[in-house]
Amino acid sequence: MTIRTRFAPSPTGYLHVGGARTALFNWLFARKHGGVFVLRVEDTDEARNTEEARQAIFDGMHWLGLDWDEGPQVGGNFGPYYQSQRGEIYDRWFAKLVAAGRVYEDGGAWRFRFDRKPVTMHDLVCGEVTIDYRDESNTPDMVVKRSDGSYVFHFVNVVDDLEMEITHVIRGEDHLMNTPKHLQLIEAFGAKPPQYAHIPLILNPDGSKMSKRDAGAAVSDYPRQGFLPGAVVNFIALLGWNPKTEQEIFTLTELVERFSLEQVNRSPGRFDLEKCKWVNQQHMIGMSVDDFAAAAKPMVEAAGLTIPANFTEVIQAVKDKVRLFSEVPAALDFLLNDDFSYEDEAIEKVRTNATATALFGALADAFKDIPEWSADAAKAALTTTAQAAGAKPGQLMFPLRVALSGRGHGPDLGDMLNLLGQNRCVTRIRQLMSMI
């Protein structure tokens, strides 16, 4: 049997991180088992569907690297893959219910007549769940066709899964209570149901349900903020799936190899944007300098900074200091421009450093007199200057960092000395002297 999974979003807004995780779990399961991953667009809500939202779903999936084997832009043997184009198919399946006497008209709408018995489903994540349909007051017969002739979600969802021969339905836990309804429909059609796996909800750090307005909810925001797609996939995979090891950083290939529904948690996943940034940083650290530079270049240019000939060397200095590519311009602007800002807190710290205020002039002169400039020669000059005044070299390290970069943290001091060169270092020390 060929494993067939599907992701069936509604194009009524951007691709939500919860939807992306549903797509990812379906994609991973299909890839793990050499199966087929189907993208199906549930676009019957004409009032809310937009072409922009549809494209946002496609773009988000492409960016994450979640390619589909069947669906829009690809085709396949079970199309159309837009629900709005499947009306004749739904009519044909509805006729089966009419012929079987399982639907009746009620005020212009059509209701499906439930079989009044307990229905038990065996969920691959949630275990055994039973809904008792014997009490009609709690489980009234469900509308499957509205008075305007349109079909409801429960009906078209089931028909599409059967028509497309979906073997595993992996979806959010909010659909768990819908599944017994779907099983009743499938039984009425005389068909074999797919296996179901309902994955836990995603909550905010405070335990509230994650909404579309919360930070990190929109997949489209991630590329703009400078996240790597592989890092985002890594992070959302851990929202509800536990590899049962200490490993947290995975490539897409490793996720495919390791993924299983048995390791999906029952408890909700907690979304933590700071953790996502940390995961992104780990992926960035693993990149080659050339790849990192190529990925950072567009954001550096967008910030109005000129790319120098030694850009790769400049990037090397800040590569392990940032979590997002959007942080790169601010991390290296002082290496590319002499017009940079100073952190007030760092300046104030230098002002209170009596050693720095007393020796900065001598340090600038010592730097200027170095015959062959290098970071090692500069550090030796700093040590000599400090010791000649009875001070410790460490007392000049932080002030020198602030002079060269305007901030208290950043690249290695040696990298800054090498990249800035002798004249710029001397000029910046004297500039800071005039400020303190």
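These entries record what I looked up on one sheet and one helix of a predicted model.

**Entry 1: the sheet**

I first traced the strand order. Three strands make up an open sheet, arranged β3-β4-β7 with antiparallel pairing. I then asked why one side of β3 and of β7 is left without a neighbour in the sheet. Both β3 (103-106) and β7 (142-145) stand at the edges with a single partner strand each, so each has one side unpaired in the sheet. From one strand to the next, I noted an average twist of 45°.

I next examined the pairing of β3 with β4 (residues 109-112), which is antiparallel and runs over four bridges. Within this part of the sheet, I found Asp-106 opposite Ala-109 in β4. I also looked up what packs on the sheet: helix α3 (residues 87-99) does, touching β3, β4 and β7. The direction of α3 makes about 95° with that of β3.

**Entry 2: helix α14**

I turned to α14 (residues 354-368) and checked its length. At 1.5 Å a residue, its 15 residues should span 21 Å, and the end C-alpha atoms lie 22 Å apart, which agrees. I nevertheless recorded a kink of about 50° in α14, centred on Phe-360.

At the start of α14, I located a side-chain oxygen of Asn-353 within 3.2 Å of the backbone nitrogen of Thr-355. Thr-355 is also one of the buried residues of α14, and Phe-360, at the centre of the kink, is another. The others are Ala-356, Leu-359, Leu-363, Ala-364, Ala-366 and Phe-367. Which helices do the buried residues of α14 pack against? I listed α13 (344-351), α15 (375-388), α16 (394-405) and α17 (413-435).

Conventions. Residues are numbered from 1 along each chain as its sequence is written. This is a predicted model: local features need pLDDT of at least 70, side-chain atom pairs count only at pLDDT 80 or more; totals for chains, interfaces and linings use all residues. Side-chain values use heavy atoms; hydrogens and water are left out. Two strands pair if DSSP finds at least two bridges between them. Helices (H or I, at least four residues) and strands (E, at least two) are DSSP runs, numbered from the N terminus. Axes are lines fitted to C-alpha atoms, for helices over the stretch in contact, and angles run from 0 to 180 degrees between N-to-C directions. Contact means heavy atoms within 4.5 Å. The expected span of a helix is 1.5 Å times one less than its number of residues. The bend at a residue is the angle between axes fitted to the seven residues ending there and the seven starting there. Buried means under 20% relative accessible area, exposed over 50%, partly exposed in between (1.4 Å probe, protein chains only). A polar contact is a pair of N or O atoms within 3.5 Å; within protein, one must be able to donate a hydrogen and the other to accept it, and residues adjacent in sequence count only if both atoms are side-chain atoms.
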